[in-house]
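Q: I have a new protein model open and I'd like to learn how to read it. Can you take me through it feature by feature?

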Amino acid sequence: MAPVQFDPAPTAPAEGDPGAYNLQVIQQFRENGGKVGGPFEGAALILLTTRGAKSGQARTVPTLYFAQPDGSLLIFGSNGGADTHPAWYHNVKADPKVTVESGDEIYSAVAREVPPGSEERERLFAEASSEVQAFADYQAQTERQIPLVVLSRKD
């Protein structure tokens, strides 16, 4: 499977666009081999590129991940505790083929949602949120169940 094509030097979003902050993180990530400063400094961070569910355009977002024993990555659709799922979640539901940028490495992966309400989801949520308390806080501030997605390498 070929990686989702992305623009390695995306143009600046319009002023006030919520992507403006992400653009800075993406550029810093790419310029520094996956290392960034600010609130993400030292965090396990990847760039996730999905295909827009409506637009079909490649969309890239930074997200924290939790490495799993089988080599896959677990990500949270927390959206900062908002009452709506993040756009990338809708994108992977429509097309689970994604591209992952980790440090200087870029590879294809397939996204799989951990079944809501399952024992697997409860276990993974507890493990990861004990490591990063913010995820438990995000869940506490919204009534929706934050989705968990596993990214499995496919190249």
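A: Let's go from the overall fold down to single residues, keeping in mind that this is a predicted model.

Q: Fine. How many helices and strands are there, and what pattern do they follow along the sequence?

A: Start with the secondary structure. The protein chain has four helices and seven strands. Walking along the sequence, you meet them as α-β-β-β-β-α-β-β-α-α-β.

Q: What share of the residues is buried?

A: Buried here means under 20% relative accessible area. By that cut-off, 39% of the 155 residues in the protein chain are buried. As for the outside, the accessible surface comes to about 8,500 Å², and carbon and sulfur atoms hold 49% of that.

Q: And how much of the contact map comes from residues far apart in sequence?

A: Take the contacts with a separation of 6 or more: 60% of them join residues 24 or more positions apart.

Q: Let's go inside. Which residues sit at the heart of the largest nonpolar core, by number of other members touched?

A: That core has 18 residues, and Leu45, Phe66, Leu74, Phe76, Val114 and Leu148 touch the most other members. Helix H1 (19-31), strand E1 (45-51), E4, H3 and E7 each supply at least two residues of this core. There is also a second, separate core of 15 residues, with Ile75, Tyr89, Val98 and Val149 among them.

Q: Could you pick one core residue and show me its surroundings?

A: Try valine 114. Setting aside residues up to four places away in sequence, valine 114 touches Leu74, Glu120, Arg121, Leu124, Leu148 and Val150.

Q: H3 has come up already. How do I read a helix with one side facing in?

A: Here's the general idea: an α-helix has 3.6 residues a turn, so residues three or four places apart point the same way. Now the case here. In H3, the buried residues are Arg121, Leu124, Phe125, Ala128 and Ser129. They span an arc of only 115 degrees around the axis, so they fall on the same side of H3. The face turned away from that buried side carries the exposed residues Glu119, Ser130 and Glu131.

Q: What covers the buried residues of H3?

A: The cover includes strand E3 (66-67), E4, helix H4 (133-140) and strand E7 (148-153).

Q: And how does the length of H3 compare with what is expected?

A: H3 has 13 residues and reaches 19 Å from its first C-alpha to its last, close to the 18 Å expected at 1.5 Å a residue.

Q: Now charges. How should I think about salt bridges, and how many are there?

A: Side chains of opposite charge can pair when their charged atoms come close. The structure holds six salt bridges. In one of them, glutamate 113 meets lysine 93 at 2.8 Å, N to O. That pair links distant parts of the chain, as glutamate 113 is in strand E6 (residues 105-113) and lysine 93 is in helix H2 (residues 87-94), 20 residues apart.

Q: Which salt bridge has both partners in H3, about one turn apart?

A: Look at arginine 123 and glutamate 127, whose side chains meet at 3.4 Å, N to O. Both lie in helix H3 (residues 119-131), four residues apart. Arginine 123 has 44% relative accessibility, so it counts as partly exposed. Glutamate 127 is partly exposed too, at 41%.

Q: Arginine 121 and glutamate 122 also form a salt bridge. Is each one buried or partly exposed?

A: Their side chains meet at 3.5 Å, N to O. Arginine 121 counts as buried because its relative accessibility is 3%, while glutamate 122, at 40%, counts as partly exposed.

Q: Strands next. What does leucine 47 touch?

A: Leucine 47 is in strand E1, and at 0% relative accessibility it counts as buried. Beyond residues up to four places away in sequence, leucine 47 touches Ile26, Phe29, Arg30, Thr60, Val61, Pro62, Thr99, Val100 and Glu101. Between leucine 47 and arginine 30, the C-alpha to C-alpha distance is 9.1 Å, with their positions 17 residues apart in sequence.

Q: Last stop, the loops. Where are serine 78 and asparagine 79?

A: Serine 78 is in the loop between strand E4 (73-76) and H2, and asparagine 79 lies in the loop between E4 and H2. Serine 78 counts as buried, at 8% relative accessibility. Apart from neighbours within four places in sequence, serine 78 is in contact with Phe135, Tyr138, Arg144 and Ile146. Asparagine 79 is partly exposed, with a relative accessible area of 34%. Check its backbone as well: phi of asparagine 79 is near 50 degrees, a positive value in a residue other than glycine.

Key: Residues numbered from 1 in each chain as written. Predicted model: local features only at pLDDT ≥ 70, side-chain atom pairs only at ≥ 80, totals over all residues. Heavy atoms only, no water. Buried < 20%, exposed > 50% of the residue type's maximum accessible area, 1.4 Å probe, protein only. Contact = heavy atoms within 4.5 Å. Areas by Shrake-Rupley, 256 points an atom, 1.4 Å probe, with all protein chains shown as cover. Salt bridge = Lys/Arg side-chain N within 4 Å of Asp/Glu carboxyl O. Expected span 1.5 Å × (residues − 1). Arc of directions from axis to C-beta. Core = buried A, V, L, I, M, F, W, Y, C linked by side-chain atoms within 4.5 Å.
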